[in-house]
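Colleague: I'm still new to reading structures, so please pick one part of this one and take me through it closely. Start with how charged side chains pair up, and then show me what lies around them.

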Amino acid sequence: MTSFSLIATAAMGLESVVAEEVRRLGYECQVENGKVTFEGDALAICRANLWLRTADRVKLKVGEFRATTFEELFEQTKALPWADYLPKDAEFPVIGKSVKSTLFSVSDCQAIVKKAVVESLKARYHLSWFPETGPLYRIEVALHKDIATLTIDTSGAGLHKRGYRARQGEAPLRETLAAALVLLTNWTPERPFVDPFCGSGTIAIEAALIGQNIAPGFNRDFVSEQWPWIGESVWEEARQEAEQMARYDQPLDICGIDLDPHMVEIAKMNAAEAGLSDLISFREGRAEQFRTDAQYGVIVGNPPYGERLGEQREVEALYRAIGRAFAALDTWSVYILTAHRGFETHYGRPATKRRKLFNGFIETHYYQYWGPRPPREARS
């Protein structure tokens, strides 16, 4: 069985979360900045794409070497076994990036890699021209400190594109980050879950997928499904496995609340698109007015950050209000993502723990307020 070197790319701050997901799939891995590397067969490619909730993409590493001249880049790229992956009719565009490297011209590096791949395929297939009318194999040349890494993207659209978000608001939270926010909590499916700033419903939907152990990629396609050397049967095996592992009978108590009735309707549409309408309740309301008699629940929220001029006082008043409201939920755990540096001061107490994360290009902190553990009978 052929083993491949695979890379699950990750947003800054989420590498350890992605690594834990990879290990749960049964693969040993190494963690580096922005990526998690592991070995696996063709089935691993399918599983990783279907199951990784917090990774950005899954890439197949074809080779890695040092290159400080265009000649080195060309010859070492040409020497790689491209025909093991690319059929005669493969479409293989080349993208690139260069960081702190002698070869800083990305466009030149892309052109050289493209030419080298063509020459490699010519030698194997004994052809002088390739039509590129078949399956897509997007090649990337990534140069970092003069080390060139050549990969092929197995995902296609980024893994955050689950296929359920029919509509979204002005500043949508990526599905991968939303899933990470849930995975970084102490929530279990038996406990209530509330997002009091639900927007288009992404956090609540990701919580429902996690709660019922539904693979996040169940509702979409991947570019490598068209690759003949993986084949339909392997993908079918991975999808059947995911179906068998889902816990559709797991009851959930998940609620999304938003001040904007239009966003509540969008959230309902997105949940319906994901097939989760009966698992999540969405309603209009103010976060600071949230009340409940339920015990040992979890709140995860991504409130406004107050970045625009004139918004800061309003946002700080909101933080003070939710601090007072959530203090009354003495058995609950609260997790808030915000870029506002003074959040703890306005909320009224220091967090149990905080973690730096990036919401797109915005540096944020995830403020974690841990409540007491539920009694054993409540957890069973």
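Modeller: Let's start with Glu175 and Arg165, which form a salt bridge in this predicted model. Their closest N and O atoms are 3.4 Å apart. The two partners sit in distant parts of the chain, ten residues apart: Glu175 belongs to helix 5 (residues 175-183), while Arg165 is in the loop between strand 7 (147-153) and helix 5. Are these two buried or exposed? Glu175 has a relative accessible area of 3%, so it is buried. Arg165 has 19%, and since buried means under 20%, Arg165 counts as buried as well.

Before we go on, the general idea: side chains of opposite charge can pair when their charged atoms come close. Searching the whole structure turns up 19 salt bridges, so let's look at a few others.

Take Lys114 and Glu132, with 2.8 Å between their closest N and O atoms. Lys114 lies in helix 4 (residues 106-125) and Glu132 in the loop between helix 4 and strand 6 (139-144), so this salt bridge ties together parts that are 18 residues apart in sequence. Here the surroundings read as partly exposed: Lys114 has 23% relative accessibility, and Glu132 has 25%. There is also a network of salt bridges, linking Glu20, Arg23 and Arg24.

Now for Arg47, which pairs with Glu241; their closest N and O atoms are 2.7 Å apart. Why does this pair tie together parts that are 194 residues apart in sequence? Because Arg47 lies in helix 2 (residues 42-51), whereas Glu241 lies in helix 7 (residues 232-245).

Helix 2 deserves a pause. Ten of its ten residues are buried, and Arg47 is one of them, along with others including Ala44, Ile45, Cys46 and Trp51. What covers them? The cover includes helix 7, where Glu241 lies, and also helix 1 (15-24), strand 1, strand 3 and strand 4 (57-66).

Two of those covering strands pair up with each other. Strand 1 (residues 4-9) and strand 3 (residues 35-40) run antiparallel, joined by six bridges, and Ile7 stands opposite Thr37 there. Strand 3 also pairs with strand 2 (residues 29-32), again antiparallel, through four bridges; in this pairing Val31 stands opposite Val36. Strand 2 and strand 3 make a hairpin with two residues between them, and Gly34 in the turn has a positive phi of about 80°.

Helix 2 also brings us to some empty space. Asn49, a buried residue of helix 2, helps line the largest cavity, together with Leu52, Leu159, Arg162, Pro216, Gly217, Arg220 and Phe222. How big is that cavity? Its volume is about 30 Å³, and the structure holds one cavity of 30 Å³ or more.

Finally, the nonpolar side. The largest nonpolar core has 63 residues, and those touching the most other members are Leu73, Trp82, Leu86, Leu121, Ile139, Leu150 and Ile152. Zoom in on Leu121: setting aside neighbours within four places in sequence, Leu121 is in contact with Trp82, Ala83, Leu86, Phe92, His126 and Phe130. Apart from that core lies another, of 39 residues, with Leu14, Ile203, Ala204 and Ile205 among them.

Methods
Residues are numbered from 1 along each chain as its sequence is written. This is a predicted model: local features need pLDDT of at least 70, side-chain atom pairs count only at pLDDT 80 or more; totals for chains, interfaces and linings use all residues. Side-chain values use heavy atoms; hydrogens and water are left out. Two strands pair if DSSP finds at least two bridges between them. A salt bridge is a side-chain nitrogen of Lys or Arg within 4 Å of a carboxyl oxygen of Asp or Glu. Buried means under 20% relative accessible area, exposed over 50%, partly exposed in between (1.4 Å probe, protein chains only). A nonpolar core is a set of buried Ala, Val, Leu, Ile, Met, Phe, Trp, Tyr and Cys residues joined through side-chain atoms within 4.5 Å. Contact means heavy atoms within 4.5 Å. On a 1 Å grid over the protein atoms alone, a cavity is a set of points where a 1.4 Å probe fits but cannot get out, and a pocket is an open set with protein on both sides within 12 Å along at least five of seven lines; lining residues have an atom within 4 Å of a point. Grid points are joined across faces, edges and corners, and a volume is the space filled by probe spheres set on the points.
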